[in-house]
Amino acid sequence: MTSNSSLAEALAAGTVVLDGGMSNQLESAGHDLSDELWSARLLAERPEAITEAHLAYFEAGADVAITSSYQATFEGFAKRGITRERAVELLTASVELAREAASQAHAKGVTRPLWVAASVGPYGAMLADGSEYRGRYGLSVEELERFHRPRLEVLAAAGPDVLALETVPDADEAEALLRAVRGLHTPAWLSYSVDGRRTRAGQPLEEAFAQAADADEVIAVGVNCCAPEDVDAAVEIAARVTGKPVVVYPNSGEAWDAEARAWNGRSSFAPGQVRAWRESGARLIGGCCRVGPEAIASIAGTLTKA
């Protein structure tokens with residue numbers, strides 16, 4: 001453990017700051033991510049770049065680093081000729097690199113507790129066609145569980161503080177993920193990608209969040225990779241339906257064009273919004289795509305002063 005206290009204990013005591021977008025920071029450092037493996041490609045080719053990205057967020061004020069395993073799957077690696085054995089090594093490395101960044105941050109004078117969240121993206125992230133923003137893949141809950149479980153087993157064995165079941169577009173996939181984390185002895189958070197008061201697949205958030213209410217493994221529920229304006233209602237619903245701490249890390253407000261593989265529009269993310277989110281029940285707060293260290297520093301400062 002990077003901290004002597006668990007993340008669940010920290011959430012019970014107050015607010016914890018998440019990092020921002022991994023891809024955002026890597027691209028800012030000059031790395032080309034125009035690849036189906038996205039940031040996961042650098043696990044093999046430039047692991048030190050991933051450590052540097054995590055470190056930038058820790059130094060900016062983040063308490064939790066989300067690993068670069070969002071798009072790292074056995075199936076995705078296999079398409080690139082990477083063996084299953086090597087895929088296990090790369091998934092494990094995603095956690096180890098975040099741990100190394102925490103060690104470097106402490107060596108450079110950061111004194112607060114730091115945690116590592118192992119990212120588990122949805123099935124659509126492996127397809128790399130934007131379907132993680134739609135859901136409804138045509139697969140059963142059982143098929144989705146079989147897809148997610150092997151990767152979850154490897155990531156849990158690597159020893160993260162929490163599994164980040166994130167950017168989930170569909171309540172059916174959430175059900176599969178909640179089944180898949182059972183027995184892994186690692187806490188998890190469940191975070192949906194939403195459109196207004198519904199999941200991206202169209203289910204009401206009340207129903208979607210209710211699935212996690214009685215899941216002992218789940219220490220927080222919420223939303224990520226959504227527009228900032230969709231957060232307010234989602235936080236209220238998540239807190240009311242589950243009684244659990246809420247996790248929130250929206251995008252900048254720009255829109256992703258999956259066909260062009262580019263972001264369009266303007267940022268609408270204002271770090272000052274975090275006060276209202278915290279008042280509604282948010283305890284894990286950060287940013288997702290296009291939210292960088294500067295914004296995370298502002299969030300950390302706002303929460304410290306509030």
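## A walk through the rings

Start by selecting Tyr123, Tyr137 and Phe147, which together make up one aromatic cluster. Keep in mind that you are looking at a predicted model.

Now zoom in on two members of that cluster. Across the whole structure there are four aromatic pairs. In one of them, the ring centres of Tyr123 and Tyr137 are 5.1 Å apart and the planes meet at 55°, so this pair is tilted. Tyr123 belongs to helix H7 (residues 123–127), while Tyr137 sits in the loop between H7 and helix H8 (141–157), so the pair ties together parts 14 residues apart in sequence. Switch on a surface if you like: Tyr123 and Tyr137 are both buried.

Next, pick Tyr192 and Phe209. Their rings form an edge-to-face pair, 5.6 Å centre to centre with 80° between the planes. Here Tyr192 comes from strand S5 (residues 188–192) and Phe209 from helix H10 (residues 205–210), so to speak two distant parts of the chain, 17 residues apart, get linked. Tyr192 is buried, at 0% relative accessibility, and Phe209 is buried at 0% as well.

For a change of partner, select Arg84 and Phe74. The charged end of Arg84 sits over the ring of Phe74, 3.9 Å from the ring's centre.

Last stop: Leu55, in helix H4 (residues 47–60). Is Leu55 buried or exposed? With a relative accessible area of 9%, Leu55 is buried. Show what surrounds it: beyond its neighbours within four places in sequence, Leu55 is in contact with Ala101, Gln104, Ala105 and Lys108. Try a C-alpha to C-alpha distance to Gln104: 7.2 Å in space, though the two residues are 49 apart in sequence.

How values were computed: Residues numbered from 1 in each chain as written. Predicted model: local features only at pLDDT ≥ 70, side-chain atom pairs only at ≥ 80, totals over all residues. Heavy atoms only, no water. Helix = DSSP H or I, 4+ residues; strand = E, 2+ residues; numbered from the N terminus. Buried < 20%, exposed > 50% of the residue type's maximum accessible area, 1.4 Å probe, protein only. Contact = heavy atoms within 4.5 Å. Phe/Tyr/Trp six-rings, centres within 6.5 Å; stacked < 30°, edge-to-face > 60°. Lys NZ or Arg CZ within 6 Å of the ring centre and 35° of its normal.
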